[in-house]
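I opened a notebook for this entry and looked things up one at a time. The notes below keep the order in which I went.

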Amino acid sequence: METISANPTYKLELTSSPHVHSRWSTKQAMWFVVIALIPSLISAVVFFGPYQLVIVLTSVLFCVATEYLIKRIRKRKVTVSDGSAVITGLLLGLILPPNFSLSSTAIGAVFAIAVGKEIFGGLGYNIFNPALVGRAFLQAAFPVAVTTWTEPNFAVDTVTSATPLAAFKFDKVLTDIQPMFLGNVSGSLGETSAIAILIGGIFLIAVGVVNYRVPLAMILGMILFAGIFWVIDPIKYPNPVFQLFAGGFLFGTFFMATDWVTTPITSKGMWIFGFGIALLVVVIRIFGGLPEGVMYAILIMNSVVPIINRFTYPRIFGAAK
Amino acid sequence: MKEKKSLGYEYLKGLWEVNPVFKQVLGMCPALAVTVSVMNGLAMALATTFVLVFSSLLISFIRKLIPNQVRIAAFIVIIATFVTIADLVMKAKFPELSKALGPFVPLIVVNCIILGRAEAFASKNSPFRSLIDALGNGTGFLIALVVMGGIREIIGSRTLLGYQVLPNGFEPWLIMILPAGAFLTLGLLMGLANFYVDRKNRIEKQELVQKYRKTPDSVEIKGQEA
């Protein structure tokens with residue numbers, strides 16, 4: 001985009017075609033995402049107690065305040081009302097462990113917006129998903145606090161508070177699907193309850209805010225790649241259904257990998273992106289040192305989005321091959 | 001052809017205008033690897049400055065004797081001599097520091113600041129000017145390493161020069177003493193430096209435009225006449 005402004009009162013904005021008309025404005029779409037996150041918020045309160053709302057609110061507050069301050073310092077238009085900072089705050093809050101320290105939450109939120117987003121130029125220019133940047137920073141800065149899990153309120157097995165993935169990786173204990181589907185397992189605030197995520201995710205796809213391709217590619221990819229390992233050795237490797245519902249995979253599928261800014265714009269690119277994440281998640285979970293790898297998988301794929309876009313550029317209609 | 005600049009400029013340019021770390025983006029390896037604490041950064045920068053100053057001086061003295069085709073090899077031999085001196089002195093006098101810096105002291109041989117200054121400055125200028133230039137660049141490198149080391153030590157381990165400066169209530173950010181913290185600190189500092197320079201240039205440009213806007217008619221008429 002180029003702006004010609006010989007005289008500051010007349011501005012001519014030039015963008016290249018095609019101009020696709022969207023049903024929703026950026027602002028409306030952002031608030032739809034906020035609505036879609038409500039079921040996950042409820043599940044966090046139900047399973048980990050009302051204090052978790054304070055964590056999420058702190059995260060939102062610091063994200064919005066950071067965005068406002070940076071826009072003011074750089075003398076740009078304050079764009080807080082578009083809701084993108086609110087979403088970053090909500091997402092970051094929901095991928096933190098229960099009863100996480102509030103000061104650390106604030107640090108993560110400031111880092112997510114300042115370094116994850118505003119340094120690149122603000123909404124639309126960031127390479128990496130800001131919420132995941134904040135989470136990755138917290139994981140590196142406070143590795144112990146970030147992996148200290150609190151067990152859910154209705155935990156059947158009160159002996160261990162390990163997440164299903166950690167339990168499988170280190171103790172070879174396979175958690176049942178039913179509690180993982182409801183959310184009655186250890187894990188980050190919003191990621192444990194598959195049903196809440198599915199409600200929000202399907203709502204987003206239904207109203208047309210999120211394209212179905214990336215989530216579908218990720219789920220199919222996960223079943224395929226985890227399935228290959230499971231077929232090879234069903235005892236050593238967990239089954240695909242467990243892999244699908246465990247950890248932050250579904251939350252990442254519907255809310256992180258569908259961010260419009262940091263994902264491919266072409267249809268073919270979206271499929272590649274989704275399958276790429278699924279493959280990386282399976283590889284990290286099975287061969288990596290960490291039990292969970294959704295965050296790093298999405299961040300790695302974020303970084304190759306420009307290349308994916310370039311190589312999946314659709315052929316111009318009527319042009320020679 | 002060559003414009004003689006004042007000696008003061010030759011020294012001061014190394015501090016900011018062509019700061020080895022922030023502007024020339026040279027010597028990244030020690031800047032990222034050893035700046036875990038102020039002390040390490042300081043020791044590294046002093047050792048590098050020592051090598052930089054003496055190798056620049058010597059290269060400048062014998063610059064007319066070195067055949068052009070083998071100059072890089074000759075520079076490296078001279079640099080390696082001084083690095084060996086620095087390494088052995090550190091091992092004898094400051095064994096703990098030498099251990100903390102590990103292989104990075106011998107690696108000064110391949111520090112591109114030293115070869116860069118030898119190639120770009122010392123081999124073309126008089127010994128005295130080369131000495132001043134080397135001192136300026138060394139000081140610039142020292143400032144950069146101490147600032148980076150300071151930031152990383154304060155946030156990463158709550159201390160400065162080994163003394164605790166932040167209260168126990170502050171949980172140290174482990175990332176700052178990990179390699180990732182080095183890249184973050186360097187990137188943010190470089191961004192800040194560029195932001196500052198950018199703003200200064202913009203303000204200067206605006207002032208220039210304002211100056212010409214005051215007399216737009218006369219400018220236009222002159223143009224038509226020509």
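Which residues are buried in helix 4 of chain A? I noted first that the model is a predicted one. In helix 4 of chain A, I found Thr105(A), Gly108(A), Ala109(A), Phe111(A), Ala112(A) and Ile113(A) buried. I then looked up what lies over them: the cover includes helix 2 (51–73), helix 3 and helix 5 of chain A. The helix runs over residues 102–114, which is 13 residues. From its first C-alpha to its last, helix 4 of chain A reaches 18 Å, close to the 18 Å expected at 1.5 Å a residue.

Entry on helix 10 of chain A. I read off residues 213–232, a run of 20 residues. Its end-to-end C-alpha reach is 28 Å, close to the 28 Å expected at 1.5 Å a residue. I listed its buried residues, among them Arg213(A), Pro215(A), Met218(A), Met222(A), Phe225(A) and Phe229(A). The cover over the buried residues of helix 10 of chain A includes helix 9 (194–206), helix 11 (240–245), helix 12 (249–256) and helix 13 (267–287) of chain A.

Entry on domains. I found chain A divided into domain 1 (23–145) and domain 2 (154–311). Their C-alpha centres lie 20 Å apart. I looked up the contact between them: 31 residues of domain 1 of chain A meet 30 residues of domain 2 of chain A. On the domain 1 side, the elements giving two or more residues are helix 1 (26–48), helix 3 (84–94) and helix 5 (130–141) of chain A. Helix 1 of chain A gives the most to that side, with 12 residues. By class, I noted 22 nonpolar, seven polar and two charged residues on the domain 1 side.

Entry on cores. The largest nonpolar core has 93 residues. Those with the most contacts inside it are Cys63(A), Leu91(A), Leu132(A), Met222(A), Ile277(A), Val281(A) and Ile298(A). Where does this core lie with respect to the two domains of chain A? Domain 1 and domain 2 of chain A both give residues to the core, so it lies between them. I followed Leu132(A) further: leaving out residues up to four places away in sequence, Leu132(A) touches Met256(A), Met295(A), Ile298(A) and Leu299(A). Another core, of 38 residues, lies apart from the largest one, and its members include Ala45(B), Ile79(B), Phe82(B) and Met90(B).

Entry on Tyr51(A). I placed this residue in helix 2 of chain A. Is Tyr51(A) buried or exposed? I counted it as exposed because 12 other C-beta atoms lie within 10 Å, and a residue is exposed at 12 or fewer. I also noted that the C-alpha atoms of Tyr51(A) and Leu61(A), 10 residues apart along the chain, are separated by 16 Å.

Entry on the contact of chain A with chain B. I found seven residues from chain A and seven residues from chain B in the contact. Helix 5 of chain A supplies the largest share of the chain A side, three residues. By class, the chain A side has six nonpolar, one polar and no charged residues.

Entry on confidence. The predictor gives the complex an ipTM of 0.77 and a pTM of 0.83. Chain B averages a pLDDT of 86, and 92% of the residues score at least 70. Among the elements of chain B, I found the lowest mean pLDDT (51) in helix 9 (residues 216–225) of chain B and the highest (93) in helix 4 (residues 71–93) of chain B.

Terms used. Residues are numbered from 1 along each chain as its sequence is written. Chains are lettered from A and ligands numbered from 1 in the order in which they are written. This is a predicted model: local features need pLDDT of at least 70, side-chain atom pairs count only at pLDDT 80 or more; totals for chains, interfaces and linings use all residues. Domain bounds come from an automatic or database domain assignment. Two residues are in contact if their C-beta atoms, placed from the backbone, lie within 7 Å. Helices (H or I, at least four residues) and strands (E, at least two) are DSSP runs, numbered from the N terminus. Ala, Val, Leu, Ile, Met, Phe, Trp, Tyr, Cys and Pro count as nonpolar, Asp, Glu, Lys and Arg as charged, and the others, Gly among them, as polar. The expected span of a helix is 1.5 Å times one less than its number of residues. A residue is buried if 20 or more other C-beta atoms lie within 10 Å of its own, exposed if 12 or fewer, and partly exposed in between; C-beta atoms are placed from the backbone. pLDDT is the predictor's confidence in each residue, from 0 to 100. A nonpolar core is a set of buried Ala, Val, Leu, Ile, Met, Phe, Trp, Tyr and Cys residues joined through C-beta atoms within 7 Å.
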